[in-house]
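Please open the model in your viewer and keep the sequence beside it, since each stop on this tour begins with a selection.

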Amino acid sequence: MQYMALIYADEDGWGELSDEERASWYARYRAFSEDARTAGVMVGGSELDATRDATTVRVRDGETLVTDGPYAEVKEALGGYYLFECASIEDALGWAARIPGAEHGSIEVRPVYSDPTDPEV
Amino acid sequence: MYALLIYGDDSSWVDLPDDERARLRALELPEWHALFDELREADPTYAGKELDGRRTAKVVTVRDGERIVTDGPFAETKELIGGLFLIELPDLDEAIRLAARIPAARHGSIEIRPVLQ
């Protein structure tokens, strides 16, 4: 079963870190990814660019509305995610707790939905 | 590479009986398959994931070495991420064009975020 771990953290705090501090966080993320890969848990993951580079699209009454910025202005924004293959949500929560961002931000764990009647969805 | 994050309000959806949800899902499915074809044409290696609703969401934090798990999604907003696409596209305009083709853009919002390599 796949689980997505969405990483929410304070973007301003990240911007205020020194280069050395940022390098040290990246090193911890790399070490974590390596552990998850070795354990066969890691399916994928990505880091997203800051929300100031976000664009939001809505379609209302057939018209496409495009706005600059994220869907919602929040203090703690989605900054990236991991995709895990785990036997249970307990296992996924265990791996999520080891994501470095769990120590200062929040990790939302969501089972990935699969439609038994439609393997493509 | 862009992430197209699909935000929507699933509160009415999760309360539906299973067969009604399946029926509504089946109605929208051809439109989603047309979208998948279009995404595949733009990037044959695109990836998409649909996430379970808010009832199965959990949030984990670690403070002072202690793990805290709470039920429900992180954000207290009515809308939450219901899925995402990851796709390699030439520019933001193309991402906007495809985002507008996502059926959920008609009732929810699609947030486009560049992915760091």
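Select β6 of chain A together with β3 of chain B: these strands run antiparallel and are joined by 3 bridges, where strands are DSSP runs of E of at least two residues, helices are runs of H or I of at least four residues, both numbered from the N terminus, and two strands pair if DSSP finds at least two bridges between them. Within this pairing, Val109(A) stands opposite Lys58(B). The model is predicted, with local features needing pLDDT of at least 70 and side-chain atom pairs pLDDT 80 or more, whereas totals for chains, interfaces and linings use all residues. Residues are numbered from 1 along each chain as its sequence is written, while chains are lettered from A and ligands numbered from 1 in the order in which they are written.

Widen the selection to the contact between the chains, which takes 37 residues from chain A and 38 residues from chain B, counting two residues as in contact if their C-beta atoms, placed from the backbone, lie within 7 Å. On the side of chain A that touches chain B, β6(A) gives the most, with 8 residues.

Next, return to β3(B), residues 58–63, and add β4(B), which runs antiparallel to β3(B) and is joined to it by 6 bridges. The two strands form a hairpin with 2 residues between them, and Asp64(B) in the turn has a positive phi of about 50 degrees. Arg63(B) has Glu66(B) in β4(B) as its bridge partner.

Finally, select β4(B) alone, residues 66–71: of its 6 residues, the number buried is 0, a residue being buried if 20 or more other C-beta atoms lie within 10 Å of its own, exposed if 12 or fewer, and partly exposed in between, with C-beta atoms placed from the backbone.
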